[in-house]
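Me: I should like to go through this structure with you and ask how each description of it is justified. Please set each value against the rule behind it.

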Amino acid sequence: MRSVVTTVLTLVLFATYLGIGALAHDSHFSLGWVLGSTVLVWAGPAQIILITTLGSGATVVQAAVAVAVSAIRLFPMVVSVLPLMRMPGTKRRHLVLAAHFIAVTLWVECYRLLPLVPRARRIAFTHGLGCGLLSVCLVATALGYGLAANLPALFAAAILMLTPLAFLLSTARNCRQLSDVLALVLGLALYPLVATLQTGVDILISGISAGTIAYGAHWWRARA
Amino acid sequence: MNDWLANFLGDPHALLVLVIAGFLPNEVWRMLGLWLGGGVDEGSEALIWVRAVATAILAGVIAQILVQPPGALASVPDWLRYGAVAAGFAVFMLTRRSIFAGVVSGEVAMVAGKWWLG
């Protein structure tokens, strides 16, 4: 419990989910829908992609593809963090819930906190941390939704602004190598250009091309 | 009570879309990680590419919210939205990458600008 309260990232997560709640409200989704998305999806970027694509008239398939591509990053996170919890007798089904809780924040915190926890209790610890963070985020989602509905336009705009700010800065902070930095900068720059084409899959086109160029630069530099 | 519940849940079709377009395509990667985990090297080239694409997609979403803002954010002029993000980013860099300081500064810049415009 103390771990939930003391992580600085909880504050950022709270701001992010305030923004998601407000975004869902202004994109005409129900409160139950957005709370459900927090429990089931439990990944801020995927939820924002889902809300913005569906909200701007994309089809279910287009939204699903965009979410699936954004969520690939969960795969290496799960792969890298589960060995910290596994013991000789651990069955896969014991790790299903822990795997569901893995998202950027929990992944970072597991690396920081799990080494301090006895191995036998790490799964229970992860469940506790996950439930705590999820509860905080559900409160933030509902609060953001309610505030967007009832506040004057200025404050509603301020809450919506939390999403791009929090995501831009937390992504910038997570940049570990040249390819990450380039992907972030090119992704920001390419989207407005691709959006003028009105393809309906603008996010995918700009994301895959910017990411591939960034990887190409990394590859080229590694060769040189 | 039933009205309240119906209002809370909204369109049942939208909830189905949430599961199909939101939950399943997201969760499949976690479960794949659980099932196939162990055989993948975290520093492998494929994962560097995946991370770059995922980062660029997220960057595109950030740009989309700023360029084509939803709801109340559309009432803020373009230059003020971009300026607020630039201010937040500048403070973030100056404070040795403090996300908190950056977010607060960006918010203050936007609210102050909007208030000043009236």
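Me: What makes A:Trp42, the residue with a phi near 50°, worth locating, and which helix does A:Trp42 follow?
Reply: In this predicted model, A:Trp42 comes after α3(A) and has a positive phi, near 50°.

Me: Which residues of α3(A) are called buried?
Reply: They are A:Trp33, A:Val34, A:Gly36, A:Ser37 and A:Thr38. The term requires 20 or more other C-beta atoms within 10 Å of the residue's own.

Me: How do you know how confident the predictor is in helix α3 of chain A?
Reply: Its mean pLDDT is 95, the highest among the elements of chain A, and it covers residues 31-40. Helix α1 (residues 2-6) of chain A has the lowest mean, 57. The confidence scale runs from 0 to 100. Chain A as a whole has a mean pLDDT of 86, with 96% of its residues at 70 or more.

Me: Why is A:Ile51 counted as buried?
Reply: The cut-off is 20 or more other C-beta atoms within 10 Å. A:Ile51 has 26 such neighbours, and therefore it counts as buried. This residue belongs to helix α4 (residues 44-55) of chain A.

Me: Which residues is A:Ile51 in contact with, leaving aside its neighbours within four places in sequence?
Reply: Its contacts are A:Leu23, A:Ala24, A:Ser27 and A:Phe29. A contact requires C-beta atoms within 7 Å.

Me: How far apart are A:Ile51 and A:Phe155 in sequence and in space?
Reply: In sequence they are separated by 104 residues, and from C-alpha to C-alpha the distance is 20 Å.

Me: How do you know that the span of helix α9 of chain A is close to the expected one?
Reply: Helix α9 occupies residues 122-150, which is 29 residues. The rule is 1.5 Å times one less than the number of residues. The expected value is 42 Å, and the helix reaches 42 Å from its first C-alpha to its last.

Me: Which residues of α9(A) are buried?
Reply: Among them are A:Arg122, A:Thr126, A:Leu129, A:Gly130 and A:Leu133. Farther along the list come A:Cys137, A:Ala140 and A:Tyr145.

Me: Why does the radius of gyration of chain A agree with that of a compact globule?
Reply: For 224 residues, a compact globule would have a radius of gyration near 17 Å; chain A has 19 Å, so the two agree. Its C-alpha trace spans about 55 × 55 × 30 Å along the principal axes. Buried residues account for 52% of the chain.

Me: What radius of gyration does chain B have, set against a compact globule of 118 residues?
Reply: The globule would have a value near 13 Å, but chain B has 20 Å. The C-alpha atoms of chain B fill a box of roughly 55 × 50 × 25 Å. Of its 118 residues, 40% are buried.

Me: How many helices and strands does each chain have?
Reply: Chain A has 12 helices and zero strands, while chain B has five helices and zero strands.

Me: What share of contacts between residues at least 6 apart in sequence joins residues at least 24 apart, in each chain?
Reply: The share is 73% in chain A and 30% in chain B.

Me: How many residues of the two chains are in contact with each other?
Reply: In chain B, 64 residues are in contact with 88 residues of chain A. The largest share of the chain B side, 21 residues, is supplied by α3(B). That side consists of 45 nonpolar, 13 polar and six charged residues.

Me: Which residues have the most contacts inside the largest nonpolar core?
Reply: They are A:Val78 and B:Ile62, in a core of 109 residues. The largest share of this core, 14 residues, comes from α3(B). Apart from its neighbours within four places in sequence, B:Ile62 is in contact with A:Pro164, A:Phe167, A:Leu168 and A:Leu188.

Me: What scores does the predictor give the complex?
Reply: The ipTM is 0.83 and the pTM is 0.79. Chain B has an average pLDDT of 86, and 94% of its residues score at least 70.

Key. Residues numbered from 1 in each chain as written. Chains lettered and ligands numbered in written order. Predicted model: local features only at pLDDT ≥ 70, side-chain atom pairs only at ≥ 80, totals over all residues. Helix = DSSP H or I, 4+ residues; strand = E, 2+ residues; numbered from the N terminus. Buried ≥ 20, exposed ≤ 12 C-beta atoms within 10 Å, placed from the backbone. Nonpolar A, V, L, I, M, F, W, Y, C, P; charged D, E, K, R; others polar. Core = buried A, V, L, I, M, F, W, Y, C linked by C-beta atoms within 7 Å. Rg over C-alpha atoms; globule rule 2.2 N^0.38 Å.
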